[in-house]
Amino acid sequence: MKIPGPDHPITITQNPRRVRVTAGDVVIAETSKALTLKEAKYPAVQYVPREDANMALLERSERTTHCPYKGDASYYSVKADGKTLDNAIWTYETPFPAMTEISGHLAFYPDKVKIEEVG
């Protein structure tokens, strides 16, 4: 486990805007409670609370990965609009202590779904 610091900063802030995630014309998630995670030089990621996602469209996959800063990630595929978007979502169900804020949240790959700030 690595701790974020000056050499690898990670910040988590409340996004003041509404975030909508869609696959085609299907809304997968929409929330006014998204968290914006900025990690080192990576693009910012929106983490959406699970309760604001349509979990009926999601299917857990077998994929898992490990981040030395956040912990073990689980993945979901999206089944919407007659298509399956494999491993389009990741989540840290039991993140490391420094990242507990993202527990219970979902993050989405922007090359698989549309993520937009609205309103």
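Let's start with the aromatic rings: a search through the whole of this predicted model turns up two aromatic pairs. Take Tyr 47 and Trp 90 to begin with. Their rings meet edge-to-face, with 6.3 Å from centre to centre and 90° between the planes. Look at where the two partners sit in the sequence, and you'll see that this pair links distant parts of the chain: Tyr 47 belongs to strand β5 (residues 45-49) and Trp 90 to strand β8 (residues 83-91), 43 residues apart.

Are these two rings buried or exposed? Tyr 47 has a relative accessibility of just 1%, so it counts as buried. Trp 90 comes in at 11%, and since the cut-off for buried is under 20%, Trp 90 is buried as well.

Now stay with Trp 90 and look for the other pair. Its partner there is Tyr 109, with the ring centres 4.6 Å apart. The planes stand at 50°, so this pair is described as tilted. Tyr 109 sits in the loop between β9 (105-108) and β10 (114-118), while Trp 90 is in β8, so the contact ties together parts that are 19 residues apart in sequence. How accessible is Tyr 109? With a relative accessible area of 27%, Tyr 109 is partly exposed. Put the ring pairs together and you have a cluster made of Tyr 47, Trp 90 and Tyr 109.

There's another ring to look at, this time with a charge involved. The charged end of Arg 63 sits over the ring of Tyr 75, at 4.7 Å from the ring centre.

Next, follow the strands around that aromatic cluster. β5 and β9 run antiparallel and are joined by three bridges. Here Pro 49 stands opposite His 105 in β9. β9 also pairs with β8, again in the antiparallel sense, over two bridges. On that side, Ile 89 is the residue opposite Phe 108 in β9.

What about the two faces of β9? In a regular strand, side chains alternate between the two faces of the sheet. In β9, His 105 and Ala 107 are on one side, with Leu 106 and Phe 108 on the other. All four are buried, so both faces of this strand are covered.

Trp 90 turns up again when you go looking for open space. Rolling a probe the size of a water molecule over the atoms shows where empty space is left. The largest pocket has a volume of about 440 Å³. Its lining is made of 21 residues, and those nearest the centre are Glu 39, Tyr 42, Pro 43, Val 45 and Trp 90. Which strands supply at least two residues each to the lining? They are β4 (35-39), β5 and β6 (58-67), and the largest share, three residues, comes from β5. Sorted by class, the lining has 16 nonpolar residues, three polar and two charged.

Finally, have a look at Gly 82, in the loop between β7 (71-80) and β8. At 83% relative accessibility, Gly 82 counts as exposed. Gly 82 and Gly 24 are 58 residues apart in sequence, and their C-alpha atoms are 10.0 Å apart in space.

Methods: Residues numbered from 1 in each chain as written. Predicted model: local features only at pLDDT ≥ 70, side-chain atom pairs only at ≥ 80, totals over all residues. Heavy atoms only, no water. Phe/Tyr/Trp six-rings, centres within 6.5 Å; stacked < 30°, edge-to-face > 60°. Buried < 20%, exposed > 50% of the residue type's maximum accessible area, 1.4 Å probe, protein only. Lys NZ or Arg CZ within 6 Å of the ring centre and 35° of its normal. Pairing = 2+ DSSP bridges. 1 Å grid on protein atoms, 1.4 Å probe; cavity = no way out; pocket = protein on both sides within 12 Å on 5 of 7 lines; lining within 4 Å. Points joined across faces, edges and corners; volume = space filled by probe spheres on them. Nonpolar A, V, L, I, M, F, W, Y, C, P; charged D, E, K, R; others polar.
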